[in-house]
Amino acid sequence: MSSVDRVSPYVFPGLKELTGTVVLHTYVRELCEELNVPLQGVLGRSRIREYAELRQVCMWVMRRYEKKTFYEIGRLFGRDHATAVHACRKMNNLLEVGDKQTLELQKVAKRIYLYQKTKHG
């Protein structure tokens with residue numbers, strides 16, 4: 001029994017629909033191109049809001065869909081696990097209250113993620 005079979009569909013709806021893996025660097029690059037944001041701004045140490053928000057969305061996607069640990073996500077972006085925890089909590093809170101900008105960013109991020117899944121899966 002795989003780990004996917006052991007996870008309740010109530011906890012992660014749609015989990016079984018997604019297969020394969022996403023190459024993080026390719027995903028982030030394509031997301032940056034779509035939103036016309038410099039890749040180095042997102043992967044670098046910049047605290048400019050536009051870059052930080054996109055970085056947080058990427059961390060949230062890696063946690064929600066790729067099931068990466070906070071430690072792994074932090075390392076992928078050159079940060080510690082607490083930064084990944086903060087990013088995911090912030091995204092969940094903003095999505096819960098229906099923040100329009102976050103919802104739009106999440107839609108684009110999810111669309112590109114699903115495209116990457118079909119391309120690399």
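How many Å² does the protein chain expose, and what percentage of that do carbon and sulfur atoms supply? Switch on the surface to begin: the protein chain exposes about 7700 Å², with 52% of it supplied by carbon and sulfur atoms. Keep in mind along the way that this is a predicted model.

Now change to a cartoon. You will find seven helices and zero strands in the protein chain, so the order from the N terminus reads α-α-α-α-α-α-α. Of the 121 residues, 37% are buried. If you draw the contacts between residues at least 6 apart in sequence, 61% of them join residues at least 24 apart.

Next, go inside. The largest nonpolar core holds 28 residues, and a good selection to start with is Y27, V28, L31, L54, V61, M62 and F77, the ones with the most contacts inside it. Then colour α2 (24-35), α4 (49-64), α6 (81-97) and α7 (100-120), the elements that each give two or more residues to this core. With eight residues, α4 gives the most. As background, nonpolar side chains in soluble globular proteins tend to be buried together.

Stay in the core and centre on V28. Setting aside neighbours within four places in sequence, V28 is in contact with L39, V42, L43, C58 and F77. F77 also appears among the core residues with the most contacts.

For the last stop, select Q56 in helix α4. Is Q56 buried or exposed? Its relative accessible area is 12%, under the 20% cut-off, so Q56 counts as buried. Show its surroundings: beyond neighbours within four places in sequence, Q56 is in contact with H86, A87, K90 and M91.

Conventions. Residues are numbered from 1 along each chain as its sequence is written. This is a predicted model: local features need pLDDT of at least 70, side-chain atom pairs count only at pLDDT 80 or more; totals for chains, interfaces and linings use all residues. Side-chain values use heavy atoms; hydrogens and water are left out. Helices (H or I, at least four residues) and strands (E, at least two) are DSSP runs, numbered from the N terminus. Buried means under 20% relative accessible area, exposed over 50%, partly exposed in between (1.4 Å probe, protein chains only). Contact means heavy atoms within 4.5 Å. Accessible areas come from the Shrake-Rupley method with a 1.4 Å probe; for residues, only the protein chains shown count as cover. A nonpolar core is a set of buried Ala, Val, Leu, Ile, Met, Phe, Trp, Tyr and Cys residues joined through side-chain atoms within 4.5 Å.
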